[in-house]
Amino acid sequence: MKIQNQQNLKNNNEKMILEIIKTNKNSDISQADIVKITRMSPTSISRIVENLIAKGLVRKEDFITTDKVGRKGIKLKIVPESIITVGVSIDSDNLGICIMDFADRILDSCILELQERHYEPDEIIELIRRMYIDICNKNSIKETQISAVGISCIGNVDYKKGDIYFAPQFGWNHIDFGARTQNVLKKKVYMENDTKAAITSVVHQEKEFLKEDVTYLTIGMGVGSAVMFHGEIVRGSDNAFGEVGHVIIHPEGRKCDCGQRGCVQTTLTHNSLIEVCQEAGLKITKIEQIFEAYREKQEWAVTFIDKTASDLAILIRNLVYMYNTNYILVGGAMILDYPELLELAKEKVEKLIHSNLYSNLRIIKVQTRNNSMTGAAFIAQSNCMRNMVENDGESRMYLRNVQ
């Protein structure tokens, strides 16, 4: 047990130092700086840095001036090509793919629009295979250079086994998606729910959120949320924590595809807004028409968007009381394309929650798109990084060719 504890301590220290160097990838940082940050001994830091260099994750670059007269430190940088991952997102209407290096740079990305028909899992896997080959060829990246693939998917996902419990938009139940894709791509595959992948991307792009309690809410073709407490995803017993799309806000409301009535998904998604308008006899076929009418101050549209904003405010209010995080980050295509919806909802939230909760609350619009896709790449990267730190005897090339 003592040996194991010492090994865990060693691994954790290496991960910590590596994260410090990664976080400061755009600025100068030396071993002396890391000593100050961690308060560890110079000898310990030197040993850890040499281990990270030996594993190909870190390299020494130019000298930098330190705060001591006449002394210079050696700049430490992560090696961008040491871990290259592919991120894939599976949504109800599109597939996304990207390539990311260890410097967190998206080297390229591509979105494929899906047809309005049923897809079998193996059809989606074949599309992923083609996109994977195309994006590697386009960027002159050999498949042997890819360390791992992360895949995010709508629905309830078993992130440990890589199985999809259910994805109602596709009609999938108990699909061993990760194993099938791994067999086709010949790469280690890491699966995750789309919203949990998205929050991973958002907090890694804004590192300060890793130290906070954060809820991520996405509004678009679907509605979902995910929660992180100090950088750790809250999952629940079946990885379904945050599945707010089926929280009921109108008990006598519209029928949901889950079989219940009045779920959030029946009033706040892209398609549900169109359907509600059509059910009211309006000739609406695109969501743009609704918001154009709202911006023109057409009475029906003003009333409709106000009601929709009220539903969003109620959902945010419920998230405050359920999760009690200081930050609620709101993103998704609907929020990015029609920001007035969130602004209206924010005005209503203050009247729905207690003043002490509201005073500590920060509701922030997420400015980035395709967060599930980039989050999947981050998840694959994180797992590869952990493996390379924890497996001293395994070479980088072996880890890249896990099959």
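Me: Before we get to the sheet, when do two strands count as a pair?
Reply: This is a predicted model, and the pairing rule is a simple one. Two strands pair if DSSP finds a minimum number of bridges between them, and that minimum is at least two.

Me: Cool, so in what order do the 5 strands of the open sheet run?
Reply: The sheet is an open one, and its pairing is mixed. Strand 13 (232-233) and strand 15 (362-365) each have a single partner strand, so they stand at the edges. Reading across, the order is 13-12-11-14-15.

Me: Over how many bridges do strand 11 and strand 12 pair?
Reply: Strand 11 covers residues 213-219 and strand 12 covers residues 223-229. Isoleucine 219 stands opposite valine 223 in strand 12. The two strands pair in the antiparallel sense, and the count of bridges is 7.

Me: What angle does helix 6 make with strand 12?
Reply: Helix 6 packs on the sheet, where it touches strand 11, strand 12, strand 13 and strand 14 (327-331). Compare its direction with that of strand 12 and you get about 50°.

Me: How many of the 12 residues of helix 6 are buried?
Reply: Buried here means under 20% relative accessible area. Among the residues that pass are Asp194, Lys196, Ile199 and Val203. Helix 6 is mostly covered, with a buried count of 10.

Me: And which residue caps the N-terminal end of helix 6?
Reply: Helix 6 spans residues 194-205. At its N-terminal end, a side-chain oxygen lies 2.9 Å from the backbone nitrogen of threonine 195. The residue that owns this oxygen is asparagine 193.

Note on methods: Residues are numbered from 1 along each chain as its sequence is written. This is a predicted model: local features need pLDDT of at least 70, side-chain atom pairs count only at pLDDT 80 or more; totals for chains, interfaces and linings use all residues. Side-chain values use heavy atoms; hydrogens and water are left out. Helices (H or I, at least four residues) and strands (E, at least two) are DSSP runs, numbered from the N terminus. The expected span of a helix is 1.5 Å times one less than its number of residues. Buried means under 20% relative accessible area, exposed over 50%, partly exposed in between (1.4 Å probe, protein chains only). A polar contact is a pair of N or O atoms within 3.5 Å; within protein, one must be able to donate a hydrogen and the other to accept it, and residues adjacent in sequence count only if both atoms are side-chain atoms. Contact means heavy atoms within 4.5 Å. Axes are lines fitted to C-alpha atoms, for helices over the stretch in contact, and angles run from 0 to 180 degrees between N-to-C directions.
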